[in-house]
Structure formats: structure tokens, C-alpha cells
Amino acid sequence: MNLYPDNLENLPVTDQIVARCRMGDARAFHDLYHAYSKAMYNICLRMTGHSADAEDVLQEAFVQIFKNLDKLATDSSLTAWVKRIVVNHCLSYLRKKKVYFEEVEDQEWKSEDGVDENEHMLTVATVKEAIGQLPAGYRTVLNLYIFEDYSHREIAGLLNISESTVKTQYMRAKERVRQIVHLKSKRI
Amino acid sequence: MNLEEFIRQNRSGFEEEGPGPDVWARLEKQLPQPRKEKGRVVQMMAKHWWKAAILVALLVNAGLLLKYMNTRQEVAVVIPEIQEMESYYSARIEQKMDELKQLPAATAGLDSLTLKELELRNDTYKMLEKELAANPGNERIRAAMIRYYQMKLELLDRILDEHNKYSNDSPSTQKDVL
């Protein structure tokens with residue numbers, strides 16, 4: 001499944017859209033928005049956890065994207081650039097919500113032995129719900145790594161924390177998801 | 001199966017629908033305004049290209065004058081009342097230059113080099129003056145000076161005419177007329 005309009009990247013149409021946007025062509029802004037809005041909205045939704053907030057963040061991000069198209073170097077990836085702006089807006093939203101990415105783990109979620117990774121327990125709905133229940137800091141790290149395909153190093157840069165903290169937080173985030181899914185399947 | 005694999009394999013299941021139409025509706029009101037710089041530059045070039053040609057004409061003319069004066073042939077043409085002619089042209093050129101300087105630099109579209117060449121007492125003039133002082137009463141040099149005055153005056157007239165024409169064509173003026 002093609003989540004991002006990467007097919008735009010290597011086609012002249014991308015340049016055309018960008019060039020037309022730079023000329024102030026309203027139709028080009030519309031096309032650019034619609035090429036990316038779904039994928040970028042999903043990032044916002046995963047990162048904020050609220051549809052109304054996700055829409056607000058998406059709108060703010062696109063205002064900046066439209067305004068800064070001039071600064072996009074011709075040889076850089078439009079998709080990566082758009083995505084980075086959207087992710088940065090999500091992160092400032094989270095910072096405004098006082099989410100601290102370097103927080104240390106609370107003890108009550110100490111790793112349990114015996115949580116097996118039985119694939120039958122994993123469903124899209126339960127995993128989604130479990131991720132939704134994660135503390136915002138963990139959820140952010142997990143989302144950036146699994147869904148947005150950023151490396152631990154890149155995430156460290158984005159969140160301004162050390163790479164080892166990212167790795168630790170990511171392991172703990174995964175652990176919690178497993179535990180939540182496990183608890184849910186036991187309840188069922 | 002671990003979590004990463006599960007999510008990657010079921011990635012599309014995790015995707016929600018896109019944003020509501022409100023987002024675009026709000027964005028549309030915040031679109032950057034079309035930039036007109038390029039259009040303006042093209043317009044300026046179309047409007048002022050001939051002014052660049054003036055500079056070339058004046059420089060070529062100065063060059064030709066030099067060549068002309070260096071020839072040893074006597075010129076038979078004798079211009080009567082030469083002093084009056086000179087003062088007439090000087091006054092006219094100075095008056096036109098003053099008029100030209102009243103125009104805002106941007107609307108006149110002349111660069112500093114062209115303006116300098118149009119000035120009455122510029123380097124070419126000084127060169128002719130020097131020649132004249134060295135050869136008092138030389139009609140050939142006087143004739144060259146007059147020719148130089150005439151050409152300068154014609155160009156100044158042309159610049160001012162063009163400027164007035166474009167000023168009258170501008171939408172704001174049309175509005176005023178209507």
C-alpha cells in the first residue's frame with residue numbers, strides 16, 4: 001500500500017506542482033494538499049490522539065509548508081520535507097501539552113515475564129487501542145519508529161534526547177503494548 | 001510475530017480516513033498571495049528596453065566624434081551664430097535634465113550610467129571643451145559639440161515623451177480621467 005505519494009517524487013509533476021505553488025497558483029496548493037493530506041493527517045492523528053487537534057496541527061503545518069516551498073532545495077525529497085514539517089508541528093503540539101520525552105519509567109509497569117508474543121492475540125483494533133493508552137512520550141517514540149520509519153538516531157534528534165534514551169523508551173513502549181494486549185485478551 | 005512486524009504487515013488497517021473538508025476550507029483563506037515580481041520585471045523590460053539603447057547610442061556617438069576629430073580633413077561647413085546655438089542647447093538640455101530628475105527613479109527606469117551619459121557636462125562634453133580650448137575658433141569642433149547637444153536633446157525629449165505616454169496609460173490615471 002502506498003501511504004505517501006512517493007510516486008510524485010520522481011515525476012515532473014512534483015516539480016510542476018511546486019513551481020506552480022511558488023507562482024502562487026491556488027489550484028497547485030490544492031493539489032499539493034490533497035496529495036499529502038490523508039497520510040499527513042494520519043501522522044497528526046497518531047501523534048495527538050485527537051481528531052480535532054490533528055486537524056488543527058495539520059492546518060498549521062500546511063500553512064508553513066505553503067509558505068516555505070521557496071526554501072525547499074530542488075534536489076531534496078518533497079515527501080520527507082513535508083513529513084518533517086508535519087512531525088515537527090505534532091511535536092510542538094505535544095510540548096505545549098507538557099509531554100516530556102525524557103521522562104523515566106514509572107515502576108508499576110515493570111516488565112513481566114511470561115508475556116508471550118502469541119500472534120493470535122494481536123489484532124489491529126487491540127494494538128491501536130493499546131498504543132492509544134500509552135503515555136504520550138512512549139507513544140511518540142513508538143509512532144515515530146514504527147509508523148513514520150525514523151531511526152532511533154533521527155528520533156533522538158527530533159526529541160532532543162539521547163539515542164540510548166530513545167532505545168529504552170521504545171523497548172518500554174513495546175513492552176507496554178504487549179502487556180495491554182495480553183490483559184485484554186485474557187479479559188476476553 | 002513481534003509488534004513491528006504485525007504493524008508493518010497490517011499497516012493499511014491502521015490508517016484512518018483523511019481530514020475533514022474544513023481543513024482545506026480554512027487553509028484556502030491562508031494561501032500565500034501570488035507573487036507578481038516576475039511579471040513586473042518583464043513589464044519593466046518591455047517598457048524600458050529602449051533606454052538601454054540610448055546609452056549605447058551615446059557611447060557610440062562619443063566614439064565616432066573622437067574618430068571624426070582625429071581626422072585631418074578640414075570641414076567646409078561653417079555654422080553661423082555658434083555661441084547662441086551653444087547657449088540655447090545648453091539651457092534646453094539642463095531644463096530637460098531637471099525635468100527628468102523630478103521623476104521617481106523607478107518610473108524613469110534609467111540607471112546611473114545612462115543618467116551620467118545624459119548629463120550636460122559629462123566626460124564627453126569635457127573632452128570636447130578641452131579640444132575647443134586647444135583649438136579656439138575651430139569650427140569642426142564646434143560643429144561636433146552642436147551635434148552632440150542636438151542628439152542629447154532629442155534623446156531627453158524621447159525619454160520624457162515615453163514616460164508621459166506610459167504614465168497616461170497606467171490604470172490609475174485612466175481611472176482619474178474617467
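A pocket is here an open set of points, on a 1 Å grid over the protein atoms alone, with protein on both sides within 12 Å along at least five of seven lines; lining residues have an atom within 4 Å of a point. Grid points are joined across faces, edges and corners, and a volume is the space filled by probe spheres set on the points. The model is predicted: local features need pLDDT of at least 70 and side-chain atom pairs count only at pLDDT 80 or more, whereas totals for chains, interfaces and linings use all residues. Residues are numbered from 1 along each chain as its sequence is written, chains are lettered from A and ligands numbered from 1 in the order in which they are written, and side-chain values use heavy atoms, with hydrogens and water left out.

Chain A has 8 helices and 0 strands, where helices (H or I, at least four residues) and strands (E, at least two) are DSSP runs, numbered from the N terminus. Its elements therefore read α-α-α-α-α-α-α-α from the N terminus on. Of the 188 residues of chain A, 49% count as buried; buried means under 20% relative accessible area, exposed over 50%, and partly exposed in between, with a 1.4 Å probe and protein chains only.

The largest pocket holds about 280 Å³ of space. Its lining is made up of A:N42, A:L45, A:R46, A:G49, A:K128, A:I131, A:G132, A:R139, A:N143, A:F147, B:F14 and B:E16. Two or more lining residues come from each of α2 (26-48), α5 and α6 of chain A. The lining divides into 4 nonpolar, 4 polar and 4 charged residues, with Ala, Val, Leu, Ile, Met, Phe, Trp, Tyr, Cys and Pro counted as nonpolar, Asp, Glu, Lys and Arg as charged, and the others, Gly among them, as polar. Domain 1 (6-96) and domain 2 (107-187) of chain A each give at least three residues to the lining; these bounds come from an automatic or database domain assignment.

Helix α6 of chain A is mostly covered, with 10 of its 12 residues buried. Among the buried residues of this helix are A:R139, A:N143 and A:F147, which also appear in the lining of the largest pocket. Just after α6 of chain A, A:D149 takes a positive phi of about 60°.

A:D149 also takes part in a contact between chains. Its side chain meets that of B:R8 in a salt bridge (3.9 Å, N to O), a salt bridge being a side-chain nitrogen of Lys or Arg within 4 Å of a carboxyl oxygen of Asp or Glu. B:R8 lies in helix α1 (residues 3-9) of chain B and A:D149 in the loop between α6 (136-147) and α7 (152-159) of chain A, so the pair joins two chains. A:D149 is exposed, at 53% relative accessibility, and B:R8 is partly exposed, at 43%.

The structure holds 15 salt bridges over all chains. Side chains of opposite charge can pair when their charged atoms come close. A:K184 and A:E129 form one such bridge, at 2.8 Å from N to O. This pair links distant parts of the chain, 55 residues apart: A:K184 is in helix α8 (residues 163-187) and A:E129 in helix α5 (residues 124-133) of chain A. A:K184 is buried, at 13% relative accessibility, while A:E129 is partly exposed, at 39%. Within helix α8 of chain A, the side chains of A:R178 and A:E175 meet in a salt bridge of 3.2 Å, N to O. These two residues are 3 apart in the helix and so are separated by about one helical turn; both A:R178 and A:E175 are buried. A network of salt bridges links A:R20, A:D25, A:R27 and A:D31.

Aromatic pairs number 10 over all chains, under a rule by which rings of Phe, Tyr and Trp (its six-membered ring) pair if their centres lie within 6.5 Å; planes under 30 degrees apart count as stacked, over 60 as edge-to-face and the rest as tilted. A:Y145 and A:Y170 form a tilted pair, 4.5 Å centre to centre with 50° between the planes. A:Y145 in helix α6 and A:Y170 in helix α8 of chain A are 25 residues apart. A:Y170 is buried at 2% relative accessibility, and A:Y145 is partly exposed at 22%. One aromatic cluster is formed by A:F29, A:Y33, A:F62, A:F66 and B:W24.

Notes: 1 Å grid on protein atoms, 1.4 Å probe; cavity = no way out; pocket = protein on both sides within 12 Å on 5 of 7 lines; lining within 4 Å.
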